[in-house]
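Biologist: Could you take me through one part of this model closely, and then show me how that part sits in the whole chain? I would love a connected account.

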Amino acid sequence: MADIDDIKDGKDFGLGQPQDTQGFFLKGLANYDWGIKNRMSRIFNPKSGRTVMLAFDHGYFQGPTKGLERIDLNIAPLFEHADVLMCTRGVLRSVVPPSVTKPIVLRCSGGNSILTELSNEMVAVDIEDATRLGAAAMAAQVYIGAEYEHKSIGNVIKLIDTGLKAGIPTMAVTGVGKDMARDARYFGLATRIAAEIGAQYVKSYFVEEGFERVTAACPVPIVIAGGKKLPELDALDMAFRAVDQGAAGVDMGRNIFQSDDPVAMIKAVAGVVHELMPAKQAFEMYNDLKK
């Protein structure tokens, strides 16, 4: 067993030398079976290798936050412009029309709220229901360093194990407590743990310093969270720098649905992610499309 007092920070990340994908377009997934790879190929565009996920699952612990008061009015017009929809099963059944054919990443953790300790979650969706709903992937938080770290890791492991039986991949979402440092060292640790326990891909945050080391050291794809609402140009710049430094796309919510023109914003984000459009050019596109 490694001595916890003798852990040294990694130095050789092989920056500039991509991981061998062994014949499949997404790193780390060549040795999975057909079902997992087919669903991942629906989540990630095989041509660009990246994705624009629209996250509107916030209500499971935040309630009707700004922009999510009415999913049917505020979010439904965005469905056609996203590659993937990330939501809860309650919203999926009650608001998303069954005629929508976008891949669904299903929020499968819950049991907490903004009024309690966020890391104290449970698996909130059974694998049979995820299968019944046709989920392309399942998602749960992993809270490294938080009070309920062990429980959150156990939740993700349960989803991974049951997902493998059903051919459904799992996305581990790196939850961050208020007292945790949001730096490359922390996210390098959290994303690597998520990959080591078997998550097929990971949602994390972009950091200004060392993000390319985070993506290089994670053997499966990373998508970045949008986080708090930023000015549109700043959000587009964050997305560009993230994919330029190895991210396989974004899972954005507030920076899209709280924008002055959400449809224009999601189109501009897609230009950045899939076409590597520079942020300033994408911002011009946003302004041209803006109502």
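Modeller: Happily! One definition to begin with: two residues are in contact when they have heavy atoms within 4.5 Å of each other. With that cut-off, among contacts in the protein chain between residues at least 6 apart in sequence, 66% join residues at least 24 apart. Please keep in mind that this is a predicted model.

Let us look closely at helix α1, which runs over residues 34-43. Four of its residues, Gly35, Ile36, Met40 and Ile43, are buried. They lie on the same side of α1, because the arc they cover around the axis is only 130°. The general rule behind such a pattern is that an α-helix has 3.6 residues a turn, so residues three or four places apart point the same way.

What lies over that buried side? The cover for the buried residues of α1 includes the strands β1 (51-55), β2 (84-87), β3 (104-107), β6 and β8 (201-204), together with helix α6.

Two of these covering elements, β1 and β6, lead into loops that deserve a visit. The loop between β1 and α2 (59-62) holds Asp57. Asp57 counts as buried, because its relative accessibility is 4%, and the cut-off for buried is under 20%. Setting aside neighbours within four places in sequence, the contacts of Asp57 are Met86, Cys87, Thr88 and Arg107. Met86 and Cys87 fall within the range of β2, 84-87, and Arg107 falls within that of β3, 104-107.

The other loop, between β6 (137-142) and α6 (149-166), contains Gly145. Here the picture is the opposite: Gly145 has a relative accessible area of 60% and is therefore exposed, the cut-off being over 50%. The C-alpha atom of Gly145 is 8.6 Å from that of Val176, although 31 residues separate the two along the chain.

Now let us step back to the whole. The protein chain has 12 helices and 10 strands, and 51% of its 291 residues count as buried. Its radius of gyration is 18 Å, which agrees with a compact globule, because a globule of 291 residues would have a value near 19 Å. The C-alpha trace spans about 60 × 40 × 40 Å along its principal axes.

As for the outside, the accessible surface comes to about 13900 Å², and carbon and sulfur atoms account for 51% of that area. The chain carries 32 positive and 36 negative side chains, with the centres of the two sets 4 Å apart.

Conventions
Residues numbered from 1 in each chain as written. Predicted model: local features only at pLDDT ≥ 70, side-chain atom pairs only at ≥ 80, totals over all residues. Heavy atoms only, no water. Helix = DSSP H or I, 4+ residues; strand = E, 2+ residues; numbered from the N terminus. Buried < 20%, exposed > 50% of the residue type's maximum accessible area, 1.4 Å probe, protein only. Arc of directions from axis to C-beta. Rg over C-alpha atoms; globule rule 2.2 N^0.38 Å. Areas by Shrake-Rupley, 256 points an atom, 1.4 Å probe, with all protein chains shown as cover. Lys, Arg positive; Asp, Glu negative; His and termini not counted. Charge placed at Lys NZ, Arg CZ, Asp CG, Glu CD.
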